[in-house]
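Reader: Please take a close look at a single part of this model, one strand and its surroundings, and describe it in one connected account.

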Amino acid sequence: MKIIFCSILAALIFYSKNIAQDYDYWESAIAGEKIYTIFFFTDATVIAISTESERFTSTNNGITWKLDDTKIISEINTSELFSSMDIHCAIIHTTDSGKSWYPYSSGKQEHFCRVYLRDPNVGYQTAFEFLSKITSEINDRIKSKDDGLKLNAPQQCTEYYTNETEGWALGWCVKNFVRIK
């Protein structure tokens, strides 16, 4: 009986996630708190600066990141800069298995994005994963001169459900994009 119950529960969770993917809800999501300003350099160096002036650096185009303990941010040499942009966080919520999605209020959204980016249980690992995911996609599009990089439009990053009806979708949005070279 326990095996049957677990199988039914797993099927419901899987089905709920697939339903949500069938709806074109993400285009109407709002962009929330600014979380990073990201600078891409031509030599594979990427610097991300959080709203709390924390500096993250990557030397492999955003694949891996490390926290730079230096809180003082020096001026960026624009002659070496390839592009820069602000990344915003967006969160939407469903209570009907993904049939309808609603943006969070800015207060709750701000809190959720901060928890997502720096969870006290995992330190900065989640922030690194978030940065890696979005900078990889952005960098690929910048290097290929892909005009499909959606500006001021949230892009879905992850989706999860707490039960068969209530779920959350977290994403990011590029604003203030500047291509230097």
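Author: Two strands pair if DSSP finds at least two bridges between them. The model discussed here is predicted. In the hairpin of β2 and β3, four residues lie between the strands, and S53 takes a positive phi near 65°. The pairing of β2 with β3 is antiparallel and runs over four bridges, with I49 opposite R55 in β3. On the other side of the account is β1, which pairs with β2 in the antiparallel sense over five bridges. Here Y36 stands opposite S50 in β2. The hairpin of β1 and β2 also has four residues between the strands, and in it A44 takes a positive phi near 75°.

As for β2 itself (residues 46-50), five of its five residues are buried, so the strand is largely enclosed by the rest of the structure. In a regular strand the side chains alternate between the two faces of the sheet. In β2, V46, A48 and S50 point one way, while I47 and I49 point the other way, and all are buried.

The partners of β2 also bear on the aromatic contacts. The count comes to two aromatic pairs. One of them is formed by Y36 and F56, edge-to-face, at 5.7 Å centre to centre with 80° between the planes. This pair links distant parts of the chain, since Y36 is in strand β1 (residues 34-41) and F56 in strand β3 (residues 55-58), 20 residues apart. Y36 and F56 are both buried.

Key
Residues are numbered from 1 along each chain as its sequence is written. This is a predicted model: local features need pLDDT of at least 70, side-chain atom pairs count only at pLDDT 80 or more; totals for chains, interfaces and linings use all residues. Side-chain values use heavy atoms; hydrogens and water are left out. Rings of Phe, Tyr and Trp (its six-membered ring) pair if their centres lie within 6.5 Å; planes under 30 degrees apart count as stacked, over 60 as edge-to-face and the rest as tilted. Helices (H or I, at least four residues) and strands (E, at least two) are DSSP runs, numbered from the N terminus. Buried means under 20% relative accessible area, exposed over 50%, partly exposed in between (1.4 Å probe, protein chains only).
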